[in-house]
Amino acid sequence: MSSTSFPRVASFRTPRDLAGHLSALGWPLPIDEEILQGTASPLAQPLKIPWLGGKRTVGNRFAVHPMEGWDAQPDGLPSELTRRRWLNFGNSGAKLIWGGEAVAVVPEGRANPNQLLLNGRTASALATLRADTVNQHQERFGRTDDLVFGLQLTHSGRFCRPNAFDRLEPLIAYRHPLLDAKHKGNIEPISDAEIERIIAAFGEAARLVLEMGFDFVDLKHCHGYLGHELLSAHERPGRYGGSFENRTRFLRELVEAVRSSAKGLEIGVRISAYDSVPFVPDEKTWRGKPAPAQTPYRWGFGVNPENPVEPDLAETKRFLGLLESLGVKLVNVTAGSPYYCAHIQRPALFPPVDAYLPPVDPLIGAARLQWAARELKSTSNAVIVSTGWTYFQEYLPHIAQALVREGWTDFVGLGRMMLSYPDLPADVLQQGRLERKRICRTFSDCTTGPRLGLPSGCFPLDPFYKARPEAEQLKVLVEQIKEERAVAVAGKGSDEP
Ligand SMILES: Cc1cc2nc3c(=O)[nH]c(=O)nc-3n(C[C@H](O)[C@H](O)[C@H](O)COP(=O)(O)O)c2cc1C
């Protein structure tokens, strides 16, 4: 089994070499030759957002994506590990902190037993976490009037695991012919009345978000969780399924709930702009391949129904139009789900243990996310944050500068890079250079850890996590799994080395 039949990004000697490779793949991107420093950089340009909290300016074009750590306490309170991660966000130099991390609005909607939970008991601890993060930013950068900070609210829907990290307790929007196989037993979709209760819980949570001092709330519609799944509920009967109007009713009612319980709180939406039919490992090679699916494919949002590995942004554009009509103008563009099409969602050369070897060069996944952001930005007035930047590695700043200059995206949102190298934005803007040894190489331990019941973190590169006992536990568990897999693959007669 080889994971590395694609060229490593570090093997490109110049930005031009990488540009040539991207063009050869059919996914060209503009790339600057040099990292620009200070005010010369498009990434250093402030962006005025007149409608945000009354004429706010975001100080630069770096954003921190929500990054959960599977490290909250069982009652949903942040732990010391959570605090360390958030302080790193504050210390990063990014002026937009989009979401912090996914915070569940009800206990049964948690994606794992160590997910943050927002309620009357946890709100003051989360308010302290926000304030400490802002103070950290103030200490290092001397001002916070240009820092914008939102909180992501979530319900994990089909991927709820509130009681044990390895036990799904799904609350599904509809029967899915491929994903239901993950759930043992015959599960009934949640009722319209249950959806209404969840909407009310979002409204109540948003009231707390406003009280805690956040600038906006992200009503999460991505990565396979409930809000996202409802967008593809073509076959669900009743008020929340079928037509576009019904599939977006959840969003509209969430916005209404937030507006009535948290007056003045701005709203953002993180959206999986396109999806894919689930991918599964080939049993001989472990490479990802699309699961056989019936067409027209009726179980994806932003997917070409006749060829469900291909994005179709027509409904996504309509969704952005709807957001605009509701006065929601902050949009974070992501894709797919980490549970069934990780290669389009977080492109990696070394995938997490529960996924599959990359079916295509991960640069395709990373570039496609930028092309999608560009297409959506060209038809919308929203402020756009784009995703999938980590895989560009040492060339992240070169591409980011060019894309912001050329108007592909307003903000460059960082995910995994925030775990290995949280102060990348400050280094780019202040020094015009990167520390190579801290660059995320997409080993995926930050995802594999949680899949095996451990907290997330950059075990390969962050000295803090490297020194923790979980680093050794993770190594042992991964070795075991790899050996078992090698035996299984050998049994199937793999042709790959
Ligand atoms: C460990 C880990 C935790 C994540 N937590 C969240 C989360 O809480 N909410 C969310 O919307 N996305 C989450 N994501 C997705 C990231 O925000 C981001 O979309 C993804 O990592 C791709 O961006 P990147 O290429 O910069 O890593 C997480 C990803 C990872 C690897």
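## A tour from pocket to cavity

Start at the second largest pocket, which has a volume of about 450 Å³. A pocket here is an open set of points on a 1 Å grid over the protein atoms alone, with protein on both sides within 12 Å along at least five of seven lines. Its volume is the space filled by probe spheres set on the points, which are joined across faces, edges and corners. What you have open is a predicted model, where local features need pLDDT of at least 70, side-chain atom pairs count only at pLDDT 80 or more, and totals for chains, interfaces and linings use all residues. Numbering starts from 1 along each chain as its sequence is written, and side-chain values use heavy atoms, without hydrogens and water.

**Stop 1: the second largest pocket**

Select R161, F165, D166, L168 and R451, the residues nearest the centre of this pocket among the 18 that line it; lining residues have an atom within 4 Å of a point. Colour the lining by class and you should find nine nonpolar, two polar and seven charged residues. In this scheme Ala, Val, Leu, Ile, Met, Phe, Trp, Tyr, Cys and Pro are nonpolar, Asp, Glu, Lys and Arg are charged, and the others, Gly among them, are polar.

**Stop 2: the largest pocket**

Now move to the largest pocket, with about 610 Å³ of space. Select P351, F443, D445, V478 and K482, which are the closest to its centre of the 24 lining residues. Next, show helix α16 (469-492) as a cartoon. Helices (H or I, at least four residues) and strands (E, at least two) are DSSP runs, numbered from the N terminus. α16 gives the largest share of this lining, eight residues, and α14 also supplies at least two. By class, the lining of the largest pocket splits into 15 nonpolar, three polar and six charged residues.

**Stop 3: the largest cavity**

Keep α14 (445-451) on screen, as it also helps to line the largest cavity. A cavity is a set of points where a 1.4 Å probe fits but cannot get out. The whole structure holds five cavities of 30 Å³ or more, and the largest has a volume of about 430 Å³. Of its 27 lining residues, P66, M67, H223, Q345 and R346 are the closest to the centre, so select those. α14 contributes three residues, the largest share of the lining, and β4 (96-104) supplies at least two. The lining of this cavity has ten nonpolar, ten polar and seven charged residues.

**Stop 4: unusual backbone**

Stay with H223, in the loop between β7 (216-219) and α5 (226-231). What is the sign of phi at H223? It is positive, about 65°, although H223 is not a glycine. Most residues other than glycine have a negative phi, and most peptide bonds are trans. H223 counts as buried because its relative accessible area is 6%; buried means under 20% (1.4 Å probe, protein chains only), exposed over 50%, and partly exposed in between.

Q393 is another non-glycine residue with a positive phi, about 50°. Look for Q393 in the loop between β12 (383-386) and α11; its relative accessible area is 4%, so Q393 is buried.

For a cis peptide bond, select T295 and P296, where omega is about -5°. P296 sits in the loop between β10 (288-290) and α8 (314-325).

**Stop 5: Q401 and helix α13**

Go next to Q401, in helix α11 (residues 396-405). Is Q401 buried or exposed? Q401 is buried, because its relative accessibility is 0%. Leaving aside residues up to four places away in sequence, Q401 touches D32, E34, I35, L36, S41, P42 and L43; a contact means heavy atoms within 4.5 Å.

Then show α13 (residues 424-431): six of its eight residues are buried, so the helix is largely enclosed by the rest of the structure. Select the buried ones, L424, P425, A426, D427, V428 and L429. They pack against β3 (62-64), α3 (123-141), α11, β13 (411-414) and α12 (417-420). Just after α13 comes G432, with a positive phi near 65°.

**Last stop: zoom out**

Seen whole, the chain has 16 helices and 13 strands. Its C-alpha atoms fill a box of roughly 60 × 55 × 45 Å along the principal axes. Of the 497 residues, 62% count as buried. Among contacts with a separation of 6 or more, 71% join residues 24 or more positions apart.
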